[in-house]
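Biologist: Please take one loop of this model and look at it closely. Then connect it, step by step, to whatever surrounds it.

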Amino acid sequence: MTDYKTLADQAKEMLEAEPWYASSLSNISALIMAMLPRLNWAGFYLMREGQLTVGPFQGLPACIHIAPGKGVCGTAAAKDETTVVPDVHQFPGHIACDGASESEIVIPIHGDGKVKAVLDIDSPVKDRFSPEDREGLEQLVKVIEEKVSWI
């Protein structure tokens, strides 16, 4: 089981050392990949000019742009809610950037009262993300929202 308190504490330390989003989100994506088992992609899509644009991540090359309402990331951003998909092949309009992905969790990240980004994590295992994973990752996102500098 993943120690989400340690994950959040380490992310907080990284953000306190360097709050600029590019550096901090790069390290947090690496931290997620190191601490969570059975993942094939972990990273961020940043809201830019009305669409999600790939940001710092760990994994295979990713889709560059995702429109709000499209795929899991775009749906989570448009609905402004965490989206857990046990089987991505059953998700209408799933965008397959990495064919090995079987399940996914996407959590919106807020700044200035709006969705600024999403945390996107994929697994090559169906039904990988439990309620405990969701809760722990939402706590991580709260740390990001409190500490990251979008400037």
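Modeller: First, the labels: helices (H or I, at least four residues) and strands (E, at least two) are DSSP runs, numbered from the N terminus. Note that this is a predicted model.

With those labels, E49 sits in the loop between β1 and β2. Its backbone stands out. Most residues other than glycine have a negative phi. E49 is not a glycine, yet its phi is positive, about 50 degrees. Is E49 buried or exposed? The cut-off for exposed is over 50% relative accessible area. E49 has 74% relative accessibility, so it counts as exposed.

There is another case of this kind. D80 is not a glycine either, and its phi is positive at about 55 degrees. D80 belongs to the loop between α3 (71-79) and β4 (83-85). Its relative accessibility is 39%, so D80 counts as partly exposed.

Back to the first loop and its two strands. The aromatic rings are the place to look. There are 4 aromatic pairs in the count. Stacking needs planes under 30 degrees apart. W41 and Y45 have ring centres 5.9 Å apart and planes at 25 degrees, so this pair is stacked. Both W41 and Y45 are buried. W41 also pairs with F57: the ring centres are 5.0 Å apart and the planes are at 15 degrees, so this pair is stacked too.

What does the pair of W41 and F57 tie together? W41 is in strand β1 and F57 is in strand β2, so the contact joins parts that are 16 residues apart in sequence. The burial of the two partners is as follows. W41 has a relative accessible area of 4%, so it is buried. F57 has 28%, so it counts as partly exposed. Elsewhere, W20, Y21 and W150 make up one aromatic cluster.

The two strands also lead to a helix. β1 (41-48) and β2 (51-59) are among the elements that cover the buried residues of α2. The cover also includes α1 (4-17), β6 (114-123) and α4 (131-147). Helix α2 runs over residues 21-35, 15 residues in total. From first C-alpha to last, α2 reaches 20 Å, close to the 21 Å expected at 1.5 Å a residue. Which residues of α2 are buried? They are S24, L25, I28, S29, L31 and I32. Viewed down the axis of α2, these buried residues fall within an arc of 160 degrees, so they line one face of the helix.

Now the whole chain. The protein has 4 helices and 6 strands. Along the sequence the order is α-α-β-β-β-α-β-β-β-α. Of its 151 residues, 46% count as buried. Among contacts with a separation of 6 or more, 53% are between residues 24 or more positions apart.

The overall dimensions follow. The C-alpha trace spans about 40 × 40 × 25 Å along its principal axes. The radius of gyration is 14 Å; this agrees with a compact globule of 151 residues, for which a value near 15 Å would be expected. The exposed area is about 7400 Å², with 51% of it from carbon and sulfur atoms.

To return to the loop: E49 is exposed at 74%, while W41, in strand β1, is buried at 4%.

Methods:
Residues numbered from 1 in each chain as written. Predicted model: local features only at pLDDT ≥ 70, side-chain atom pairs only at ≥ 80, totals over all residues. Heavy atoms only, no water. Expected span 1.5 Å × (residues − 1). Buried < 20%, exposed > 50% of the residue type's maximum accessible area, 1.4 Å probe, protein only. Arc of directions from axis to C-beta. Contact = heavy atoms within 4.5 Å. Phe/Tyr/Trp six-rings, centres within 6.5 Å; stacked < 30°, edge-to-face > 60°. Rg over C-alpha atoms; globule rule 2.2 N^0.38 Å. Areas by Shrake-Rupley, 256 points an atom, 1.4 Å probe, with all protein chains shown as cover.
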